[in-house]
Amino acid sequence: MNIALLFLLLAGVELQPVGQFGQGSPVRIVRIEVSEHRQVYSLTRELGLDVADAQADHIIAYADDAMIERVRARGFRVTVLVEDHTVQSPQELQTYHSFAQVCSIMQATAAAYPHICRLETLGSSYGGRPIIGALVTESPWTSHDRPCVRLIGAHHGNEKISTEVTLSFLLFLCENYQASPQVQELVNSRLFWVIPVMNPDGHLSNSRYNGAGVDLNRDYGWEWQAYSSPFTQPETRAIMRHGSACLPGVEYEYHSTASYVNYLWDNTPHDPPDSGLIMELARRYADSTYGSSTTRLTRINGYDWYEVHGSCQDWVFGALGGIANTIETRQPSDRPRVDSICVANRRALLDMATIAGWGLRGRVYDSISNEPLFARIEVISPRRWNVCTNGLGGFAKMLAPGVYSVRVRANGYVPKEFSGVVVPETGAVFLDVALNRPVAEPLCYCQQIVALRRDDDNHLQTSLGMDALGEPDQRYYRVGPGSIIFRLDEPVCNRSGDDITVFATGSWTVAGTNDLFGTWTTIGSGSGQQSLDIGSVGLDSCRFLRLSEQANCQLDAIGYLGRERVGVGEARIASCWSLSVLPSVVRRGAGMVRIGGLPQGQTRGVRVSVFDALGRCVGQQESSEPLLDISGLPSGVYLIRAAGIGGTGSARLVVD
């Protein structure tokens, strides 16, 4: 945490906003009288009004004088409620922790509970201040394949209660780990990432916006509208990178405008395929906040409340598949009521963390080397949103109890389907997925979306972004007018001939880059199904692809050539032992062959497996003697793999 301490020295630096409200009058809080709720949609779309709350007869919004005049010019009555939204009363200053205090408390907590808590600087703000996250889990310095729960406070820096709720929960987990069996069980089986201050600049200056004057909860890459590109700010880039690494199955982003559990989507009235479960989880969270009117929450659909583009919760679900909610609470100015809000949300979070691992879980790995794979898990019947594996090959997908069909895809491997997968009422069903390599090298396909944007007037998104993932399947994503950006699990590599094939209808343009926030190079334009050569524009590889619509484009898939393979399974084998098979060439029907090269004293407990040319396991045995019975093997080339406590090794066997 030395870096974090260094950044704290910058806490007093004055920032000059240069973004949305960079010039002119202070940003005020205003009340706009409306005759019907739907007028909020025209004000946000046409004027870009920054809405905080929308009711049947009025809107609460943030606006400078120029925006106020534009709203009044449309015939709406505007009343200024707060002259400058950054002005904080002495009572509020005493009630809520400062940014420096939050950092100090987090450091002290990690130092007191190092066996379950560690801190990480996830990035820095526009003004150079640290964005600090706390990981709470048993053995936090070790990689774990556990369901992840992420909590984020202070997207809007003046909504200080959001920091208090997240910080309070962090302290509760650490302080009660030894005394509470419930907390101990959760900490031992979950990954809790707690980020109390996502917007340090705004928290310090009591501003809704970051140091650049940008509303960070409009800057994420799922149906964003406010800015020219997604993730324009260092704060949202840090949260994007962190989320892509930890893959939260459940996420809560805390705010303070009303008393709601705001659920997906914010950007469109069309519900996602998982809407039944999403609504039930929102109801369950809200029901756990029982008590006074100060603590009690009700659920509300984000778009029904008011339309938002580029929100964090939409990106977490759309890009990562995690079920995210925006929690809106009151922001009282006395500590007892603040504490009551923290306790009510703690009840809800303990309940949500308990069920965060329910549904479908599993691990995906290479059938020969046992190495974890990046894979996409499709729930194909009844259809639900995709999730991907983490760095350990693990995955967790929240599903309601029922029977499902599931498909697992990984580039360079034969897909696997599982039918009749029964998700229980409580807990999870586990899928152990060993994928085989095909004989012929297949095309890779885009499996993960970083961002997508559509610029139509009504923002009605009837097709699903995930329809553009994986192999061509006649499910189309209607791109435009707009664009879609893919992150590739392995880069497109320039090889002889064309490297990319677009499977689509209509006209489109494809660009590529190795740096999502760097320079993009246009690779080419086309219509329908067409192939492109990245070498023709001077690229030798690219990690990201962006497809933009030119006219009536509907995208089915993008296929591409990755790295050249060494051979079936061989490139992925981690050989710790130098094995040999004696003899290495045998006649069909021969009996025993000897496995050589096993370390002395490590022959016990060694599992020997036999794989055919398709990577399928056709035999397996454990023996105290390094002998293998191959009498039943037909003619062919086989890979023999031995694995034990001391390591792994492989050798080739030819059966004539």
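**Nonpolar cores, strand pairing and helix packing**

In this predicted model, the largest nonpolar core comprises 124 residues, and those with the most contacts inside it are Y285, F486, L545, L547 and L555. The element that gives the most to this core is helix α13 (residues 335-355), with nine residues. Apart from it lies another core, of 25 residues, which includes I59, A61, F76 and V308. In soluble globular proteins, nonpolar side chains tend to be buried together.

The surroundings of L547 were examined with residues up to four places away in sequence not counted. On this basis L547 touches V479, G482, S483, I484, V502, W508, T509, V510, C553, L555 and I558. Two of the residues in this list, G482 and S483, fall at the start of strand β23, which spans residues 482-493.

Strand β23 is mostly covered, with 11 of its 12 residues buried. Its pairing with strand β21 (residues 448-454) is antiparallel and extends over six bridges; here A451 stands opposite I485 of β23. Strand β27 (residues 541-560) also pairs with β23 in the antiparallel sense, over seven bridges, and in this pairing V492 stands opposite C542 of β27.

A separate description applies to an open sheet of four strands, in which the order is β15-β14-β17-β18 and the pairing is antiparallel. The edge strands, β15 (387-388) and β18 (416-423), each pair on one side only. Between them in the strand order are β14 and β17. Strand β14 (residues 376-381) is joined to strand β17 (residues 402-409) by five bridges, and the two run antiparallel. Within this pair, S381 is positioned opposite S405 in β17.

Among the helices, α7 (residues 181-189) has V183, L186, V187 and S189 buried. The buried residues of α7 pack against β6 (130-136), α6 (161-175), β8 (191-195) and α13. Helix α13 is also the element that gives the most to the largest nonpolar core.

Helix α6 is further in contact with helix α5 (residues 99-112): the axes of α5 and α6 come within 11 Å and cross at roughly 15°. Angles under 35 degrees count as roughly parallel, and α5 and α6 are therefore roughly parallel to each other. The crossing of α5 past α6 is left-handed. On the α5 side, the contact is made by V102, I105, M106 and T109, and on the α6 side by T163, L167, L170, L171 and C174.

Technical notes
Residues are numbered from 1 along each chain as its sequence is written. This is a predicted model: local features need pLDDT of at least 70, side-chain atom pairs count only at pLDDT 80 or more; totals for chains, interfaces and linings use all residues. Side-chain values use heavy atoms; hydrogens and water are left out. Two strands pair if DSSP finds at least two bridges between them. A nonpolar core is a set of buried Ala, Val, Leu, Ile, Met, Phe, Trp, Tyr and Cys residues joined through side-chain atoms within 4.5 Å. Buried means under 20% relative accessible area, exposed over 50%, partly exposed in between (1.4 Å probe, protein chains only). Contact means heavy atoms within 4.5 Å. Axes are lines fitted to C-alpha atoms, for helices over the stretch in contact, and angles run from 0 to 180 degrees between N-to-C directions. Angles under 35 degrees count as roughly parallel, over 145 as roughly antiparallel, 65 to 115 as roughly perpendicular and the rest as oblique. A crossing is left-handed if the near helix is turned anticlockwise from the far one by less than a right angle, and right-handed if clockwise.
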